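This report covers one sheet, its packing helix and a few local backbone features. The sequence and the model come first.

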Amino acid sequence: MNASDSHVTAFADLFGPPPAGPAVPVDWAAVESWLGLRLPADYKAVASAYGPLDIGEHLWLHTPCGNKGWFDYGTWVLEGRRDAPGVIPFGATRTADTLYWDTTASADPDRWPVVLRCQDDENAGRDPWRRFGTPLLPTLVRLVAEGLRPSAVRTAFLTDLEPGAWTPPARRPEPTPEQRAAFAEGSGLETLIALVPPPAAPDLGEHTWDWLYERLGTRLPTEYVDFMKAYGAGCWADWLSFNTPLGPDKYDLAPVVEWFGDAYRDRRTRFPQFNPLAVWPEPGGFLPFADSIDGDQLCWLTEGATPDDWPLIVVPRHAQQGPPLPGTLTDVLLDWLRGHFTTEGLPRVAEPHEDALDHIGFAPFVV
């Protein structure tokens with residue numbers, strides 16, 4: 001009996017035989033090449049024989065696969081690896097906890113201990129990490145002894161799996177010397193372009209700048225126009241999206257300015273203590289032009305002799321209103337991407353243990 005058979009036998013002794021029907025195929029060589037690490041033999045054996053599992057009606061064992069609209073292993077692993085140095089996620093619980101291996105504990109993946117990040121403890125401000133000190137199968141033995149139900153069924157929510165073995169995404173290109181230099185120093189649009197090369201065909205929309213100015217009732221800062229001509233609409237660092245400036249659709253700039261302004265005025269009427277700002281076209285009112293995935297708005301305060309004098313401000317969704325931001329649009333973006341500046345609505349791009357250049361980027365919207 002080979003090692004894989006012994007792992008499957010040990011798992012079956014705890015949770016029963018593999019479910020009926022073939023398991024999800026996995027190209028382990030491709031997965032491990034993408035991760036840059038070998039994975040534990042017990043996990044690979046169980047995943048190959050059983051597929052993605054609901055264990056004990058409490059925790060999910062995730063395996064390399066893609067489920068349309070629900071789950072993608074690659075996205076999930078990349079996000080999970082950001083949570084602490086050297087962790088790789090492999091499972092989750094129904095109470096929003098995450099299970100990982102601690103790869104810093106040993107050069108041998110078969111000796112990686114399991115750690116769990118408890119969401120309830122994190123929400124309460126307590127240490128969220130539970131350290132089992134044992135690899136996967138011994139940890140499952142312990143959990144069963146502590147009351148985990150000894151059952152395993154194929155994960156029910158994986159109902160629309162991609163056919164064939166999961167294909168890892170393309171590796172992110174290594175930063176160029178020019179990008180590293182721009183990350184270290186410099187200012188203005190030229191430096192931003194060196195750090196994050198713009199798309200070949202920026203999407204601005206179908207109309208003209210004069211059309212936009214007439215609809216808004218104002219010109220916009222020259223720096224913004226130059227910035228949008230370089231990049232167009234899209235999302236920065238998977239967080240901050242710039243609306244299409246010259247389009248009439250409901251998610252383009254002018255309709256969003258109108259919609260968000262009306263919504264803010266309504267909230268200001270009902271809760272003035274939490275919504276203290278004037279709104280364009282009120283004198284000095286804010287005019288939004290970008291938003292975060294969490295609904296925060298990056299805006300100008302329309303104060304000053306010309307639009308080029310307008311300061312920036314964030315209208316946060318989940319916090320009290322803060323002051324105007326220091327600096328120009330491109331310099332605020334550079335400081336934020338470099339990790340030199342954070343505020344409500346613009347959290348840090350990378351965790352302290354990460355290379356920020358792995359997370360800096362611009363994704364143009366698909367036309």
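Where is the place of glutamate 57? Glutamate 57 is in the loop between S1 and strand S2 (59-61); helices (H or I, at least four residues) and strands (E, at least two) are DSSP runs, numbered from the N terminus.

The model is predicted: local features need pLDDT of at least 70, side-chain atom pairs count only at pLDDT 80 or more, and totals for chains, interfaces and linings use all residues. Residues are numbered from 1 along each chain as its sequence is written, and side-chain values use heavy atoms, with hydrogens and water left out.

**Backbone features**

Most residues other than glycine have a negative phi, and most peptide bonds are trans. The table lists exceptions of both kinds.

| Residue(s) | Value | Place |
|---|---|---|
| Glutamate 57 | phi about 55 degrees | loop between S1 and S2 |
| Alanine 237 | phi about 50 degrees | loop between S10 and S11 |
| Tryptophan 280 and proline 281 (cis bond) | omega about 10 degrees | proline 281: loop between helix H11 (253-270) and S12 |

Alanine 237 is buried, with a relative accessible area of 14%; buried means under 20% relative accessible area, exposed over 50%, partly exposed in between (1.4 Å probe, protein chains only).

**Aspartate 54**

Strand S1 (residues 53-55) contains aspartate 54, which is buried at a relative accessible area of 9%. A polar atom of the aspartate 54 side chain lies 3.4 Å from the backbone nitrogen of glutamate 57. Leaving aside residues up to four places away in sequence, aspartate 54 touches eight residues' worth of surroundings that include Leu59, Trp60, Arg94 and Arg154; contact means heavy atoms within 4.5 Å.

**The six-stranded sheet**

Strands of a sheet pair through backbone hydrogen bonds, either parallel or antiparallel. Here six strands form an open sheet in the order S14-S13-S12-S11-S10-S15, with antiparallel pairing; two strands pair if DSSP finds at least two bridges between them. Strand S14 (312-315) and strand S15 (362-364) stand at the edges with a single partner strand each, so one side of each is left without a neighbour in the sheet. On average, neighbouring strands of this sheet are turned by 30 degrees against each other, direction ignored.

Within the sheet, strand S11 (residues 240-242) and strand S12 (residues 286-292) run antiparallel and are joined by three bridges. Phenylalanine 242 has alanine 290 in S12 as its bridge partner.

Helix H10 (residues 222-231) lies across strand S10 (234-236), S11, S12, strand S13 (297-301) and S15. The helix runs at about 95 degrees to S11, where axes are lines fitted to C-alpha atoms, for helices over the stretch in contact, and angles run from 0 to 180 degrees between N-to-C directions.

How values were computed: A polar contact is a pair of N or O atoms within 3.5 Å; within protein, one must be able to donate a hydrogen and the other to accept it, and residues adjacent in sequence count only if both atoms are side-chain atoms.
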